[in-house]
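Visitor: I am new here, and I would like to know how the words used for a structure are earned. Could you show me around?

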Amino acid sequence: MDVRGAVAVVTGASSGIGAATALRLHEAGARLVLHGRDGDRLNALAERTGGVAVRADFAEPGAAEAVAGEIAGRAGRVDVLVNNAGMGWAGPVTEMTAADARRLLTVNLAAPVELTRALLPALLERPRAAVVFVTSIAGRAGVAGESVYSASKAGLDVFAESLRLELVGTGVHVGVVVPGVVDTEFFARRGRPYQRRSPRPVPAGAVAEAVWKAVVAERAEQYVPRWLRVPIAVRGTMPAVYRALSARFGGSG
Ligand SMILES: NC(=O)c1ccc[n+]([C@@H]2O[C@H](COP(=O)([O-])OP(=O)(O)OC[C@H]3O[C@@H](n4cnc5c(N)ncnc54)[C@H](OP(=O)(O)O)[C@@H]3O)[C@@H](O)[C@H]2O)c1
């Protein structure tokens with residue numbers, strides 16, 4: 001897909017992976033719709049890229065649908081949707097309140113599902129279009145202390161896979177980018193900084209590059225870094241070995 005002149009919506013564009021993705025798409029000539037909550041950061045990025053800023057808190061009921069309506073009104077059409085906005089939560093599930101769990105599932109799963117559902121008719125009107133989901137290795141492997149976060153990302157992952165099957169024969173490509181540990185504000189924001197010595201965090205630009213390839217080269221699935229596919233392959237083929245190893249080396253970041 002050629003993104004020159006395409007309208008690309010990036011959620012969570014005010015920070016980290018989303019900001020890097022927006023800049024990558026801008027470099028390639030896309031017209032940006034930048035979503036987030038932080039108005040100052042969004043406006044700065046909109047000014048730099050000539051994009052349109054749309055503010056919304058995805059934890060609010062109906063926010064994603066309202067964003068879809070605003071995008072239709074302000075951009076007129078949509079060629080690329082990058083579902084990236086998300087938040088973390090770390091700690092034992094027993095320390096989580098019902099409201100914490102609901103918020104995590106709403107922001108990370110219900111909102112991108114709702115935004116995709118609402119924008120799909122517009123995407124289907126385009127000769128070529130793409131929807132990319134930024135999921136997480138946590139959603140493929142499971143992580144101690146991140147059970148609800150992992151569940152939200154696993155849900156998004158299988159939503160994407162199902163959508164890909166549903167859209168076979170249309171012009172809409174569906175891609176998933178599965179990052180490991182990425183050097184962003186994500187860990188500080190969730191209240192528990194990343195403290196492990198390995199794996200080392202990759203830069204947000206590496207994930208943005210994968211999102212870019214998901215769009216232009218129509219890649220269905222990419223791990224960042226690529227070696228992450230190995231433990232997932234072991235999990236699929238030798239689950240007992242995988243569980244023994246992950247009980248020893250896995251755990252919260
Ligand atoms: N960093 C990692 O190691 C890692 C690994 C795997 C997957 N991921 C995923 O990558 C995505 C981007 O995360 P990041 O690492 O770039 O973290 P980040 O720097 O904290 O960025 C998160 C983005 O999501 C937006 N967001 C968070 N809560 C929101 C809400 N309630 N409503 C609307 N927008 C909200 C933020 O908007 P504001 O800043 O404007 O509030 C921000 O733009 C997330 O889905 C995350 O789960 C991250």
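Guide: Gladly! Let us start with a term: a salt bridge is a side-chain nitrogen of Lys or Arg within 4 Å of a carboxyl oxygen of Asp or Glu. This is a predicted model, so local features need pLDDT of at least 70 and side-chain atom pairs count only at pLDDT 80 or more, while totals for chains, interfaces and linings use all residues. Residues are numbered from 1 along each chain as its sequence is written, and side-chain values use heavy atoms, with hydrogens and water left out.

Visitor: What makes the meeting of E146 and R190 a salt bridge?

Guide: Their side chains come to 3.1 Å, N to O, and the cut-off is within 4 Å, so the pair qualifies. E146 sits in the loop between α5 and α6, and R190 in the loop between α7 and β8 (202–203), 44 residues apart, so this pair links distant parts of the chain. Helices here are DSSP runs (H or I, at least four residues), as are strands (E, at least two), numbered from the N terminus.

Visitor: Are E146 and R190 buried or exposed?

Guide: Both are buried. Buried means under 20% relative accessible area, exposed over 50%, and partly exposed in between (1.4 Å probe, protein chains only).

Visitor: Why are R74 and E70 called partly exposed?

Guide: R74 has a relative accessible area of 46% and E70 has 29%; these values fall between 20% and 50%, so the middle word applies. The two form a salt bridge, with the closest N and O atoms 3.0 Å apart. They are four residues apart in helix α3 (residues 63–75), which means about one helical turn separates them.

Visitor: And why is E95 called exposed?

Guide: Its relative accessible area is 56%, and exposed means over 50%, so the label fits. E95 lies in the loop between β4 (80–83) and α4 (98–124).

Visitor: How do you know that D157 and R140 form a salt bridge?

Guide: Their closest N and O atoms are 2.6 Å apart, and that is within 4 Å, so the name is earned. D157 is in helix α6 and R140 in helix α5 (residues 138–141), 17 residues apart. D157 and R140 are both buried.

Visitor: How many salt bridges does the structure hold?

Guide: There are 16 salt bridges. Elsewhere, D38, R41, E185 and R189 are linked in a network of them.

Visitor: Now the ligand. What makes the approach of Y149 a polar contact?

Guide: A polar side-chain atom of Y149 lies 2.7 Å from an oxygen atom of the ligand. A polar contact is a pair of N or O atoms within 3.5 Å, so this one passes. For T184, an N or O atom in the side chain is 2.6 Å from a ligand oxygen, and for G12 a backbone N or O atom is 3.0 Å from one. The protein covers 98% of the 890 Å² of accessible area that the ligand has on its own, by the Shrake-Rupley method with a 1.4 Å probe.

Visitor: Which element gives the largest share of the shell around the ligand?

Guide: That is α7, with three residues. By class, the shell has 14 nonpolar, twelve polar and six charged residues. Here Ala, Val, Leu, Ile, Met, Phe, Trp, Tyr, Cys and Pro count as nonpolar, Asp, Glu, Lys and Arg as charged, and the others, Gly among them, as polar.

Technical notes: Polar contact = N/O pair within 3.5 Å; in protein donor to acceptor, adjacent residues only side chain to side chain.
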